[in-house]
Amino acid sequence: MEIHRFEKLWLGVGLVLIVGLIATVAYGAVGPGVAMMDDDGGTIDPETVADGNYEQANFKSPGVRQVGEDEYTAHVVARQFLFEPGTQEPIQVPAGSEVTFYVTSPDVVHGFSVVGTNVNTMVIPGQVAQFTTQFDESGEYGIVCHEYCGAAHHTMAGTIEVVPQSQFNSTMTVGE
């Protein structure tokens, strides 16, 4: 069987494109700074959170707490159409510290994406999305919902303020 030289050329171009596509997908899945979420955050009863009973949902009151030297936790509730805290008051964290976020939703599926970073997760009712990140530079970062969650989805946004450690200590009441 004889293959024409143009058929060989197009066969070669097709193979290069397939290998390039597979390499791109593999890099996107395991590339630097990309981590997959798992079920480490646990589960909660979404109706308990919807009722505002954060204590029973192990969320106490949403906000930032110091749990170690340069280690903080931030509990965030995403609900239609705000982040609590985040929308009405910014989530304030100290620069250079490690922050573990616990994000949940009592109503519908939301997204939690920090603009300009690789922090991006889906927030599912009954699940607690857990991820750890570090903000090295002081500044203001936007939070957006990237899952369509209803008619006012486009208004669902919030803010993370990363401040120097001294400013954080003077303005925040750090809990347990």
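In the predicted model, L9 has a relative accessibility of 48% and therefore counts as partly exposed, since this class lies between the limits of 20% and 50%. L9 belongs to helix α1, which spans residues 5–30. Together with F6, W10, V13 and L17, L9 makes a nonpolar surface patch of about 550 Å².

Nonpolar residues are also gathered in the interior. The largest nonpolar core comprises 26 residues, and those with the most contacts inside it are F83, I91, V93, F101, F112, F135 and I160. Two or more residues are given to this core by each of β2 (71–79), β4 (91–94), β5 (98–104), β6 (110–114), β9 (139–144) and β10 (157–163). Strand β2 provides the largest share, with 4 residues. Another core, of 7 residues, lies apart from it and includes I44, V49, A57 and V77. With neighbours within four places in sequence left aside, the contacts of F112 are V76, F83, F101, V103, V119, N120, T121, V123, F131, I143, V144 and H146.

F131, one of these contacts of F112, lies in strand β8 (residues 129–134), along which the side chains alternate. A129, F131 and T133 are buried and point to one face, whereas Q130, T132 and Q134 point to the other and are not buried. Such alternation between the two faces of the sheet is found in a regular strand. Strand β8 pairs with β5 in the antiparallel sense, over 6 bridges. Within this pairing, Q130 of β8 is the bridge partner of Y102.

The loop between β1 (63–68) and β2 contains E69, and D70 is found there as well. E69 counts as exposed because its relative accessibility is 72%, over the 50% limit. D70, at 39% relative accessibility, counts as partly exposed. Although D70 is not a glycine, its phi is positive, at about 60°. The C-alpha atoms of E69 and E98 are 9.3 Å apart in space, with the two positions 29 residues apart in sequence numbering.

Two cis peptide bonds were also identified in the model. One runs from Q80 to F81, with omega near -5°, and F81 lies in the loop between β2 and β3 (82–84). The other joins E84 and P85, with omega about -5°; P85 is placed in the loop between β3 and β4.

Technical notes
Residues numbered from 1 in each chain as written. Predicted model: local features only at pLDDT ≥ 70, side-chain atom pairs only at ≥ 80, totals over all residues. Heavy atoms only, no water. Core = buried A, V, L, I, M, F, W, Y, C linked by side-chain atoms within 4.5 Å. Buried < 20%, exposed > 50% of the residue type's maximum accessible area, 1.4 Å probe, protein only. Contact = heavy atoms within 4.5 Å. Patch = residues over 30% accessible without salt bridge, like charges linked within 9 Å, V, L, I, M, F, W, Y side chains within 5 Å. Areas by Shrake-Rupley, 256 points an atom, 1.4 Å probe, with all protein chains shown as cover. Salt bridge = Lys/Arg side-chain N within 4 Å of Asp/Glu carboxyl O. Pairing = 2+ DSSP bridges.
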